[in-house]
Amino acid sequence: MDKILSLKEIHYRYHLDAPNVLTDLSLDIPSGKITAILGPNGIGKTTLLHILLGLLKPFQGEVAVAGKPHREYSRQELSQLIGLVPQLESIPFNFSVFEYVLLGRSPYLKPFQLPGKEDLRITEEALESAGIYHLMNKPVTELSGGERQLVQISRVLTQQTRILLLDEPTAHLDLENQNRILSLLKRMSSRGITTVLTTHDPNAAIFAADHFVLMSQGNIAAQGGLRGVITAENLSLIYKTPIRVEQTNGFTMVVMDKVK
Amino acid sequence: MNKKTYSRTILILGLGILVLLLASVFVGRYPKPFWLPPGLLSQDLLARQLVLNLRLPRLLTAFLLGMVLSATGSVMQMVFRNPLVEPGFLGVSQGAAFGAAVSILWLNRHPLVIELSATFFGLLALLTSYLLSTRIRYGGWVLRLILSGVAVSAFFSAGVGVLKYIADPLTELPELTFWLLGGLYSVTWRDLLFALPFALAGIVIAFVMRWRVNLLSLNDDTAFSLGASLTRERIILLIVTISATAALTAISGIIGWVGLIIPHISRRLFGASAEKSIPAAMLLGGGFTVFADDLARTLLPGEIPLGILTSAIGAGLFIYLMVSIGLKVRRDG
Amino acid sequence: MKKVFLVLFMVLILTAGCSVLPGLSSGDQPIEFTDSSGHVVTLSGVPDRIAIAGKATIMVQDAIYLFTEADQKVIALENRNQSAFSFLPVIDPGVNEKEIFEKNVGPEQIAAVQPELVILKGSMVEQLGEPLEQLSLPVLYLDLETPEAFYEDIAALGQVFGNPDRAEEITTFYQERMDRIEGLVSGIGEEQKPEVLLLEYADKGGEVAFKVPPVSWLQTRMVEIAGGTPVWKDLEISGGWTVVNLEQIAAWDPDQVYLIDYSGNASVVKEDLMNNPIWSNLRAVEDEQLYAFGYDFYSWDQPDTRWILGLQWLATKIHPDLTAEIDIMEEVNLFYSILYDLDPEAIETEILPNLTGDLP
């Protein structure tokens with residue numbers, strides 16, 4: 001398994017006098033696969049993602065992207081390599097969907113350069129891939145939650161990165177949209193894109209991911225394949241509530257158990 | 001709005017503004033309100049001099065002022081992700097007025113020194129707002145900036161008041177009304193020449209970075225992931241546009257509302273993307289200010305403070321636009 | 001027993017309280033009259049302690065000092081700007097030993113010097129007048145904005161100083177001269193009245209502004225009395241001085257332009273304008289009808305006591321042929337000797353050196 005992103009003995013805290021959010025954490029992200037990072041809210045999943053992105057720097061430990069630390073890449077190179085779909089994007093201005101998705105081409109434009117024909121074409125293709133071509137001229141402020149997520153993914157498609165980081169991509173979405181998003185991610189993964197997504201919903205993770213990481217108390221509790229990681233014991237431990245793992249016809253399902 | 005429609009509309013707008021500028025040359029109080037027959041220029045020496053030395057620098061300054069205020073307002077609204085921000089909000093206009101007053105009282109009355117002092121204090125106000133905001137403990141960074149901006153604004157306003165109070169009332173400081181309500185009645189070619197480099201820098205940078213501005217209006221993490229050097233790019237944009245505003249405020253006094261409303265109107269008509277709305281805002285702002293100044297110097301025998309007109313007309317336009325159903329962004333696809 | 005002590009105690013308090021009130025000259029007749037603003041002034045006698053405060057103190061002071069008793073009775077003044085204190089020592093050598101209030105003094109500070117009367121300009125009613133009256137301090141308002149109000153104010157001051165004869169003398173001085181002017185220009189028709197423009201020039205921090213006075217002000221009235229037609233009559237904006245731009249000035253195309261500069265530089269400004277490319281092409285300037293307004297210590301155009309000098313000076317410039325008999329320098333001498341009781345030597349050394357403007 002080729003590791004495209006790796007963290008080694010990371011320690012992170014927000015300011016000098018705050019407690020550590022992440023302590024002595026090591027993690028390898030396999031290339032070309034979908035990795036799901038699971039854990040309860042507030043455990044530091046977003047922080048972890050930001051460290052992978054290079055936005056936050058750990059005060060101890062090493063981070064490597066394709067074998068090299070962030071600082072050995074230029075900002076432009078990094079942005080052509082790693083894309084981010086954040087959890088909540090608040091857009092105070094009503095860009096059209098097209099205008100917004102076009103912004104994904106920024107890494108390929110010089111500071112004073114305007115998008116060209118090629119950039120416009122790529123944007124149109126991305127809209128088609130995400131199935132939202134018909135929404136092209138709609139203001140983003142008028143979209144539903146699901147449509148907005150698709151717009152975000154579209155944007156990241158135009159960015160044409162090898163690595164995709166998604167923060168809670170299916171939170172607040174109904175089942176139809178969850179399916180759409182996760183299916184799209186799986187299709188992209190089959191084309192060789194490495195995907196890391198955080199989620200607090202184990203079933204969403206099971207649906208899409210190949211590789212699982214469980215976070216607990218600022219560190220990794222378990223990482224690996226479905227069988228080894230998604231167990232009632234592990235999940236009950238990290239979610240601090242009784243959990244059952246059910247197997248039906250080859251499908252694995254995680255359900256809440258009654259509190260005893 | 002697609003590219004073709006936009007190009008066409010901008011062209012028409014540009015031509016319209018040109019016509020307005022040309023017409024403004026012949027509008028005034030001489031020889032009678034309101035129109036100066038072009039033929040008179042060849043006969044009357046006084047008329048020629050009035051047009052060349054009074055009207056021309058004045059309307060060019062008004063145009064520049066409108067462009068700069070609109071460009072700065074557009075940039076600030078997007079960078080701070082808040083459509084209610086304008087150059088005055090972070091204390092920049094008040095700081096510039098204070099800087100100009102300080103220069104007049106204690107430093108030097110040479111226009112360049114006044115310009116530099118105004119720019120310095122305008123930027124100082126911005127810096128103070130920023131530093132103050134880092135010490136506020138609650139709210140997102142935009143809210144914190146706005147809160148500290150209001151405080152710094154008030155502080156420099158009071159500063160101008162104090163300077164006015166201690167200065168000998170017979171000399172030295174322009175009336176407080178001049179600073180607060182603004183006016184271009186004493187603009188000369190010399191004033192315009194000294195403000196020009198600052199103004200051009202602001203206009204040019206807003207123009208060339210107009211697409212980049214869209215990027216800077218996104219969430220910090222998204223913008224970062226798209227390769228933006230957030231701090232550096234924001235600082236460059238803000239410093240250059242705000243310097244332009246400060247330099248012009250030293251000449252014109254505080255002209256409010258233009259920097260707030262014109263970007264709104266432009267976004268409403270041309271779409272939110274700064275790539276299209278910033279150039280349009282600059283043209284609209286320039287034209288609007290020229291029009292308002294034409295009224296200021298022509299409507300009545302006495303000069304009407306420019307700030308009053310920009311507020312009145314601007315607010316009216318704004319209300320109309322917000323309320324009207326018919327005017328929507330053109331989305332021809 | 002307790003009751004007796006209580007009553008005695010209260011009497012003691014009351015008496016003590018009474019003695020704290022400003023001591024008034026006993027045996028004086030109470031004075032009551034209505035001032036020019038319609039306000040009723042009640043005094044228990046001729047006041048010995050007078051305070052002057054609020055805006056436009058120059059005008060108020062100069063009016064008060066027309067009475068020779070003033071330097072004895074005025075005990076406190078407000079220092080609104082330095083120029084006020086260049087003239088005062090000439091007519092009141094002891095002024096610097098008096099109580100000098102800071103600018104924008106408040107009612108409590110004024111009360112602290114225990115005045116028997118406070119004299120204010122009419123515009124100070126809300127700001128100072130009413131609060132002072134809450135403190136039971138009598139207030140007199142002076143208007144001074146029109147000749148008629150001026151005469152009423154002088155009469156009021158006559159009551160205050162217990163010298164109605166002096167008030168009569170002053171009023172006669174002004175009235176005679178105003179009548180003379182009116183008589184000299186009465187015969188002329190409208191077409192013979194030159195179109196006159198009065199401009200206040202202000203150059204503050206590089207912001208040059210030319211302003212015209214409101215139609216209701218004394219300045220406009222003076223032009224009319226002196227037999228001129230004010231070109232700014234159709235300016236509806238009252239309020240204060242209004243900025244007009246050079247285009248409007250050129251559009252009015254006045255026959256004469258008078259420059260007023262409150263810092264005393266009207267003559268310098270006149271020179272500059274005559275060399276200015278646009279101004280030198282104005283008809284009034286070409287015809288050498290650009291004048292620097294008369295000025296000594298203060299400009300002669302304001303509702304200060306010097307307005308009579310301003311009026312006469314203006315008349316000699318607007319209608320030199322009709323007013324040949326008026327000798328301005330002689331009028332200056334008479335003004336300061338009769339109204340301010342200065343001897344010729346004092347006038348020579350103190351007043352004349354301060355004269356600027358287009359004077360013969």
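**Strand 4 of chain C, and how the chains meet**

Let me begin with a single pairing, in which C:Ile50 has C:Val74, a residue in strand 4 of chain C, as its bridge partner. I should say at once that this is a predicted model.

That bridge leads us to the two neighbours of the strand. Strand 3 of chain C, residues 50-52, runs parallel to strand 4 of chain C and is joined to it by three bridges. Strand 4 of chain C also pairs in the parallel sense, again over three bridges, with strand 5 of chain C, which covers residues 99-101; here C:Glu78 stands opposite C:Phe101 of strand 5.

Is strand 4 of chain C enclosed, and why? Of its five residues, 74-78, four are buried, and therefore the strand is largely enclosed by the rest of the structure; buried here means that 20 or more other C-beta atoms lie within 10 Å of the residue's own.

Let me turn now to the chains. Two pairs of chains touch, and of these it is chains B and C that have the most contacts. Chains A and C, by contrast, are joined by no contact, their closest C-alpha atoms lying 39 Å apart.

As for the contact between chains A and B, each of the two chains gives 25 residues to it. On the side of chain A that touches chain B, at least two residues come from each of helix 1 (45-53), helix 2 (75-81) and strand 5 (82-85) of chain A. Sorted by class, that side of chain A holds 13 nonpolar residues, nine polar ones and three charged ones.

Note on methods: Residues are numbered from 1 along each chain as its sequence is written. Chains are lettered from A and ligands numbered from 1 in the order in which they are written. This is a predicted model: local features need pLDDT of at least 70, side-chain atom pairs count only at pLDDT 80 or more; totals for chains, interfaces and linings use all residues. A residue is buried if 20 or more other C-beta atoms lie within 10 Å of its own, exposed if 12 or fewer, and partly exposed in between; C-beta atoms are placed from the backbone. Two strands pair if DSSP finds at least two bridges between them. Two residues are in contact if their C-beta atoms, placed from the backbone, lie within 7 Å. Ala, Val, Leu, Ile, Met, Phe, Trp, Tyr, Cys and Pro count as nonpolar, Asp, Glu, Lys and Arg as charged, and the others, Gly among them, as polar.
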